[in-house]
Each structure stands twice: as structure tokens, then as C-alpha cells.
Amino acid sequence: MSKTAPPTGDRIAKMLSRAGVASRREAERMIEAGRVAVNGKTIESPALNVTSSDKISVDGKEITAPEPPRLWLYHKPAGLVTTDRDEKGRDTIYDKLPDDMPRVMSVGRLDINSEGLLLLTNDGGIKRKLELPSTGWLRRYRVRINGRPTDEMLEPLRKGITADGERFQPMQVSLDRQQGANAWLTVGLREGKNREIRRALAEINLTVNRLIRISYGPFQLGELKQGAVEEVRRRILRDQLGLDNDVDAASKPTGTAVKKRPSAVKRKRSAPAARRR
């Protein structure tokens with residue numbers, strides 16, 4: 001009996017993720033909701049392989065072929081939600097990105113009251129890779145709290161603490177300075193559970209009134225201004241994420257350049273100017 005040839009192409013959810021439409025799981029939900037069509041016909045199941053010759057549309061808009069993998073640093077301001085749509089009608093990060101940015105997805109989230117470094121990518125594979133707990137990259141935050149903490153008070157965070165029945169792994173915590181009724185801490189963690197820092201500090205009776213993410217693994221907020229976007233060099237992207245050499249071979253981005261800044265990536269040369277949406 002002859003073997004059945006494997007289907008050509010990639011699963012539709014993977015293709016949508018690769019094109020920066022949504023994560024694979026989100027793409028599967030979009031398909032189940034009847035929002036995706038292939039060659040003019042609405043599909044009902046993600047169990048479908050497609051190739052570059054197929055015409056794929058979401059909500060009636062045709063999806064172009066995936067671009068080479070790219071990554072941006074974004075300085076998220078407080079007051080924005082990290083989601084495509086908000087049921088309460090609040091502004092999202094996507095409402096405030098430059099108009100000539102391509103379609104991107106966020107790597108993880110920052111809650112509405114948090115600010116600082118948020119990574120954006122056009123590639124679902126990069127998003128998954130950076131969000132996996134196995135990646136283990138340290139995320140560092142500057143945290144302002146109300147109160148006068150001591151090292152003894154902060155020790156439970158360093159050992160691992162349980163809040164609302166959920167166990168958090170040990171954090172790196174240093175007390176930087178007292179400033180009137182407030183104190184500044186630097187907190188490092190590798191998990192990134194929902195509102196983890198706020199909940200952990202509340203467990204020891206400390207209230208966070210400002211939280212700024214300053215790094216995500218090797219990627220640094222540095223002097224990137226609030227609301228600004230900056231693309232990571234393809235060579236750095238390849239080196240840090242282990243991507244193939246074809247990332248370097250891809251065409252370089254075009255667009256309006258902004259002034260370069262130092263310290264975008266640890267121990268690496270500065271990233272080039274931001275490409276705008």
C-alpha cells in the first residue's frame with residue numbers, strides 16, 4: 001500500500017500567526033467565529049493547510065504574505081490596555097502606535113496602569129518563543145510604593161510568596177531609595193503572572209503607585225521616550241533568538257528614521273531607528 005503524501009503548506013492558524021494577525025490560539029478562535037475566509041469561502045475549522053498561492057482574508061480584508069520576522073521596542077504609557085479591542089472602549093496600545101507600523105502583536109502584556117518596555121513583533125513564532133516560561137528571561141521593573149519598606153519586609157518576596165492562593169516564584173528585590181512617603185524598588189522576575197508584582201507587594205501590605213518595566217531579557221528600555229517605538233537590528237534578533245541567517249538577508253526596513261539611542265540591548269550595539277506604523 002502506498003503511503004499518503006503529507007499535506008502541503010502550513011495550517012491556517014500558523015499562517016495567520018506568522019503574518020502577525022494573531023497568536024495561533026487567537027487565530028483558531030477567529031476561524032470558529034467565522035471571520036476567516038480562504039479563496040473566498042468562509043472556513044469553520046482550523047484543520048486546513050494553506051500555501052502562498054491561497055488567498056486568505058480576515059473580516060473581509062486580504063492578508064498579505066508574511067514579512068521576515070521583526071521585533072520592536074515600545075515604551076508603553078500608563079492608561080493604555082494591551083489588547084486589540086477593549087469591551088469598555090478604552091484606548092489600546094494599537095490606537096497610539098505610529099500610523100505606518102505594520103500589523104504587530106505584543107509579547108505578553110502590561111496592565112493599564114503599568115508603563116515601560118513592551119516588545120512588539122510581526123511574527124507569531126517569535127511571540128510564542130519569548131512568552132514561553134522555558135525561555136526564562138529576567139524581566140526587571142522599577143517600582144514605586146507607598147510606605148517605608150525594610151529588607152526584612154521584602155524578604156518573603158525573595159523566598160517566594162503566595163497571594164490569593166497563587167504561588168509566585170522568588171523575585172529579585174532591592175530597595176533603592178526612600179523618597180518622602182514613597183520608596184523605589186527594583187524587582188526582577190521570570191514568570192510574569194497577571195499583576196504579579198502588585199499582588200505580591202499587597203500581600204506584605206505595600207501598595208504600588210507606579211510600575212515601569214525597564215528590561216525584558218537582553219532588551220532594554222534605556223532612554224526610549226514614552227510612546228516611542230524602535231526596531232531591533234536583525235542581526236541582534238538573530239543572535240538573541242537563534243533565528244536563521246535569512247533574517248539578515250531580508251530587505252532592510254524603510255521609513256522615517258528617528259535618532260538612534262544607546263543601550264537598547266545588553267552587550268550589543270544600539271538598535272537602529274524606529275520604523276513607524
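Is Phe219 buried or exposed? In this predicted model, Phe219 is buried, with a relative accessible area of 0%. Its place in the fold is best read from the chain as a whole.

The chain has 277 residues, and 45% of them count as buried. Eight helices and 17 strands make up its secondary structure. Contacts often bridge remote parts of the sequence. Among contacts in the chain with a separation of 6 or more, 66% join residues 24 or more positions apart.

Phe219 takes part in an aromatic pair with Trp137. The count for the model comes to one such pair. Its geometry is edge-to-face, with 5.8 Å centre to centre and 70° between the planes. The two partners stand 82 residues apart and link distant parts of the chain. Trp137 sits in the loop between α4 and β10, whereas Phe219 belongs to strand β16 (residues 219-220). Trp137 has a relative accessible area of 18%, so Trp137 also counts as buried. That value falls under the 20% cut-off for burial.

The largest nonpolar core contains 33 residues. Leu120, Val143 and Leu201 have the most contacts inside this core. Strand β14 (residues 182-189) supplies the largest share, four residues. The surroundings of Leu120 were examined further. Neighbours within four places in sequence aside, Leu120 is in contact with Arg70, Leu71, Trp72 and Tyr74, among others. Its contacts also include Ile93, Leu97, Met101, Val104, Met105 and Ser106. A second core, separate from the largest, has 19 residues. Trp137 of the aromatic pair is included in this second core, as are Leu73, Val107 and Leu241.

Leu241 also belongs to helix α7 (residues 234-241). The buried residues of this helix are Arg234, Ile236, Leu237, Arg238 and Leu241. Gly242 follows α7 and has a positive phi, near 70°.

Positive phi values also occur in residues other than glycine. Asn39 has a phi near 55°. Asn39 lies in the loop between β2 (36-38) and β3 (41-42). With 47% relative accessibility, Asn39 counts as partly exposed. Asp59 likewise has a positive phi, near 55°. The loop between β5 (56-58) and β6 (61-62) holds Asp59. Its relative accessibility is 44%, so Asp59 counts as partly exposed.

Two pockets were then considered. The largest pocket encloses about 1100 Å³ of space. Its lining comprises 32 residues, and Val21, Ala22, Ser23, Glu26 and Asp84 are the closest to its centre. Helix α2 gives the largest share of this lining, five residues. At least two lining residues come from each of α2 (24-32), α3 (93-96), β8 (105-106) and α4 (124-131). By residue class, the lining divides into 18 charged, seven polar and seven nonpolar residues.

The second largest pocket holds about 550 Å³ of space. It is lined by 28 residues. Nearest its centre lie Arg109, Leu110, Gly192, Lys193 and Asn194. Strands β10 (139-146) and β15 (207-216) each supply at least two lining residues, as does helix α6 (196-203). The lining of the second largest pocket contains 12 charged, 10 nonpolar and six polar residues.

Conventions: Residues numbered from 1 in each chain as written. Predicted model: local features only at pLDDT ≥ 70, side-chain atom pairs only at ≥ 80, totals over all residues. Heavy atoms only, no water. 1 Å grid on protein atoms, 1.4 Å probe; cavity = no way out; pocket = protein on both sides within 12 Å on 5 of 7 lines; lining within 4 Å. Points joined across faces, edges and corners; volume = space filled by probe spheres on them. Nonpolar A, V, L, I, M, F, W, Y, C, P; charged D, E, K, R; others polar. Phe/Tyr/Trp six-rings, centres within 6.5 Å; stacked < 30°, edge-to-face > 60°. Buried < 20%, exposed > 50% of the residue type's maximum accessible area, 1.4 Å probe, protein only. Core = buried A, V, L, I, M, F, W, Y, C linked by side-chain atoms within 4.5 Å. Contact = heavy atoms within 4.5 Å.
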